There are 2 protein chains.
Amino acid sequence: MAKSPPRGELKDLMIAAAEEILAAEGLKALQARAIAAKVGCAVGSLYNVFGDIDELILIANSRTLTHLGKLLSQAKERTKTGTQEEQLLALAYGYLDFAARHTRRWKAVFEHVLAEEKAVPAWYREGQRPLLANIASVLPDWMTPDGKSLMAQTLFSAAHGIVVLALDRKLVDEFDRGRTEKQLQLLVEGAVRSLRA
Amino acid sequence: MAKSPPRGELKDLMIAAAEEILAAEGLKALQARAIAAKVGCAVGSLYNVFGDIDELILIANSRTLTHLGKLLSQAKERTKTGTQEEQLLALAYGYLDFAARHTRRWKAVFEHVLAEEKAVPAWYREGQRPLLANIASVLPDWMTPDGKSLMAQTLFSAAHGIVVLALDRKLVDEFDRGRTEKQLQLLVEGAVRSLRA
DNA sequence: GTATTATCTTGAACGCTGTTCAATTATTTT
DNA sequence: AAAATAATTGAACAGCGTTCAAGATAATAC
């Protein structure tokens, strides 16, 4: 085992190691001993820093969502002058692109399930508010805040479902990006038509 | 431990035990020793019947999907004389209803992830074809088979995403059925408008 | 009815997991 | 330099899926 890492930065090192493992091998490989081996410390040290493995996973997943949020924000910025449909489509494609590029990290966010009795921490849910805000900010001004919120959640959820089932290959034989893009187009098309009415 | 079960029916007993455990305690509780205890046999017997635990889980999940398919089929039948929007909405509500009623069994279907190298068996994917067929059969006749297929997959995926994220409470504080129904309504509304154009 | 063969069943044991905690080492304070 | 505090360690524990030699049971042969 390598030399001890500099003091006080164990937490950051562990989070970085967790992200590397997630990206390279997926959620199942994100194990206590794997983290310890990667940062060069004892397994027990993990529990001096985090309450349990779930806490570390939640932090890593939260970072993934933050990363995704930034990319979506950029996609929105890039289409600032476009039509509403173009903006919504850019967000949807951005989501698909992220999921396809960082599949393992992105899957980990939804694969990880807390025990039923454990509640999702508030700070975690808070972290994904920007995702919905991105969508809501594209919706027309005549809508009420509640209406925007409902619509944003609907669009996000629907797009997520399309991307999830496409990448999981449970419904289809293999992931077909072009086909998935068509599906997102269908979704956005319908939404825009509804908004105009 | 109780007396040995009648011979030759071990497989069925184990599947039944698996479904009971899924319904009562969720996927995480579906463990080799739990099954053995419930049917009153040794742990090893499980591996005389199934190759591994994944196989049993896939079978149990497949049954859940079959059950869901039947309910959706009934929902479609019940609205046979209604408008297209009514039919699609009945299917969507039926899906939500099933997920809300049989949450743990339904969640197990999507929580369970095979190791990356393991392929989803063909018979498993085959089992969910009826789900999509239900939707496709409601779509207008002027659409091509490919168009129907794409649209059906899109609607199913989108509705699934809406239901999943609502019941997982990752996006929102608590599950609000009325709100979720409104979201499904928005989705179907948009789809129908697109179909008319 | 007995001997032989084939099949099914068993549960201890293996390697893996997350987690704990007394003992050790390192750091800070006096 | 000594005492007090804090951080780190890794063997040990219970639980997981899985294996497999041994034993129990059923089927077949004579």
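This report describes a predicted model of two protein chains with two DNA strands.

Local features are described where pLDDT is at least 70, side-chain atom pairs count only at pLDDT 80 or more, and totals for chains, interfaces and linings use all residues. Residues are numbered from 1 along each chain as its sequence is written, while chains are lettered from A and ligands numbered from 1 in the order in which they are written.

**Chain A**

Chain A contains 10 helices and zero strands, where helices (H or I, at least four residues) and strands (E, at least two) are DSSP runs numbered from the N terminus. Its C-alpha atoms fill a box of roughly 65 × 40 × 35 Å along the principal axes.

Helix 9 of chain A, residues 145-168, has 24 residues and spans 34 Å from its first C-alpha to its last, close to the expected 34 Å. The expected span is 1.5 Å times one less than the number of residues. Just after helix 9 of chain A, Arg169(A) adopts a positive phi of about 55°.

**Helices 4 and 5**

The axes of helix 4 (residues 53-78) and helix 5 (residues 84-101) of chain A come within 9 Å and cross at roughly 150°. Axes here are lines fitted to C-alpha atoms, for helices over the stretch in contact, with angles from 0 to 180 degrees between N-to-C directions. Residues in this contact include Leu68(A), Leu71(A) and Leu72(A) of helix 4 of chain A, and Ala90(A), Leu91(A) and Phe98(A) of helix 5 of chain A. Two residues are in contact if their C-beta atoms, placed from the backbone, lie within 7 Å. The residues of this contact divide into eight nonpolar, two polar and two charged. Ala, Val, Leu, Ile, Met, Phe, Trp, Tyr, Cys and Pro count as nonpolar, Asp, Glu, Lys and Arg as charged, and the others, Gly among them, as polar.

**The two chains together**

A rotation of 180° with 0.0 Å of shift along its axis superposes chain A on chain B, with an RMSD of 0.0 Å; this is the relation of a two-fold axis. The superposition is by least squares on C-alpha atoms of residues with pLDDT of at least 70 in both copies.

In the interface, 32 residues of chain A are in contact with 32 residues of chain B. Helix 9 of chain A provides the largest share of chain A's side, 11 residues. That side divides into 13 nonpolar, 10 polar and nine charged residues. Because 100% of the interface residues of chain A are also interface residues in chain B, the copies meet through the same surface.

**DNA strands**

A residue is near a strand if its C-beta atom, placed from the backbone, lies within 6 Å of it.

| Strand | Residues around it | Closest residues |
|---|---|---|
| DNA strand C | 18 residues | Gln31(A), Gly44(A), Asp52(A), Cys41(B), Gly44(B) |
| DNA strand D | 17 residues | Cys41(A), Gly44(A), Gln31(B), Gly44(B), Asp52(B) |

The surface near DNA strand C has eight nonpolar, six polar and four charged residues.
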